[in-house]
Amino acid sequence: MTKRHGYALLAAIVAVVVVISAAIYVGVAADDSEEKPLVGGGTPHNSAAPASVGTWVGAWSASPSGAEPGTEANGMAGRSVRNVVHVGVGGSAARITLSNLYGQQPLSITHASVAVAATANNPAAAAGTMRRLTFRGSPSVIVPAGQQVVSDAVRLLVPHDTDVLVTTYSPTPSGPVTIHPQARQISYTAEGDLTEDVTGTAYTGQTPYWRYVTALDVLSNESDGTVVVIGDSLTDGSTSSVGQNRRWTDVLADRLRDNSDGPRYSVVNQGISGNRVLGSGLGRPAENPSGLIRFNRDVLGRTNVRAVVVALGVNDILRTPQQTDANKITAGLRELRRLAHARGLRVVGATLMPFQGHRGYRPHLEDTRQAVNAQIRAGKVYDAYVDFDKALRDPYNPRRLRSDYDSGDHLHPSDKGYKRMAEVFNLNDLKGSAPAEL
């Protein structure tokens, strides 16, 4: 078999894996082309609001990646869950997505609400912003196991660069709770149904997870579309300061909002710590699903997507079983590009950053990283690329992170390192559609 035929066969195998996995894995997604009505929650929950004009975009999102340990029997029964999420772009209306992807029985939500937080990292709501959420006009909803639901939109003035509170109440045991574990943000719980409590004083329970909520969209005049970043812990923001929104995607969102010459896009972060291009965790559905498996849901399923950024590959090299064939990794990355191109979306990819000094470092793994980066730089993987490797490596030892960009584990950046990643990103690379396929 020639090398060319070998690559063609590999691409065909990858495509089959994607189709089969998507059939197992897909949930009920929002239809971005449908204009959802702005549903009121009744007095006093919906006060006067601006006219409903603008574009629906993703203001925040997080990928569901597993079930919360210890919730197998009762879930969050009898407790209000108040998630704190940070939006980079503002709007005049909001809607949320709730997921029961890892649940094993239907999830009953009898009340849900959304509000602007009074201050950062706080369960209290700003005066006049508490809104009751409905689902097809009803205040309650049943989320089937393995699926997700989207709320009706409510009129709410959401400022950019602010925290938003998304609260749910489930009265009955629902089994495993679907979470995003590396939130880098403290959220809260309270006993009883306190979904519309404004003070937040009863929210004494704390958690480092986001539970159930996986997306918040806004009707915005500040943005024309959404950039989706799919990645691993380096995108998820592991080691960034908790509650400070210093992931590199947060800084990228600020740059896009403040730069009048760049595209008017919001940014949503679909990073999962430990994520790989090719391999997934255990279970059905798989915990920590591979980039290939989750691409349709986590990227193409987001609201009004205009461009895609891919920052995956280092865990394929580092995690067991270690993938040392750079061609297999780049074939998987090109498959992600193909899926995006099928939707007319431009793809910007990232080079893999160095990790010498990390406990998993081995010289032959460094060779694989360099081989992947060589293909990316040669233009064989993405439409354009951002060279995170060059930007953060030690100039005197390019196998390592520069010391002030290193969090200390020799793999994940410091806050300064994350900021540098966003600073070297060429905003104009996000413009335009996918090039024609020959």
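Helix H6 buries Ala 326, Ile 329, Thr 330, Ala 331, Gly 332, Leu 333, Glu 335, Leu 336, Arg 337, Leu 339, Ala 340 and His 341 (buried: under 20% relative accessible area, 1.4 Å probe, protein chains only). The model is predicted, so local features need pLDDT of at least 70 and side-chain atom pairs pLDDT 80 or more, while totals for chains, interfaces and linings use all residues. Residues are numbered from 1 along each chain as its sequence is written, and side-chain values use heavy atoms, without hydrogens and water.

With 12 of its 16 residues buried, H6 is largely enclosed by the rest of the structure. H6 covers residues 326–341 and reaches 22 Å from first to last C-alpha, close to the expected 22 Å (1.5 Å times one less than the number of residues; helices are DSSP runs, H or I, of at least four residues, and strands are E runs of at least two, numbered from the N terminus). At the N-terminal end, Asp 325 acts as the cap. Its side-chain oxygen lies 2.9 Å from the backbone nitrogen of Asn 327.

Leu 333 of H6 is also among the residues with the most contacts inside the largest nonpolar core, of 61 residues (buried Ala, Val, Leu, Ile, Met, Phe, Trp, Tyr and Cys joined through side-chain atoms within 4.5 Å). Trp 248 is another. Another core, of 34 residues, lies apart and includes Val 81 and Ala 112.

An open antiparallel sheet runs S7-S6-S11-S3-S13-S14 (pairing: at least two DSSP bridges). Its edges are S7 and S14, each paired on one side only. S6 (111–116) and S11 (162–170) share 6 bridges. Ala 115 has Leu 165 as its bridge partner in S11.

Methods
Buried < 20%, exposed > 50% of the residue type's maximum accessible area, 1.4 Å probe, protein only. Polar contact = N/O pair within 3.5 Å; in protein donor to acceptor, adjacent residues only side chain to side chain.
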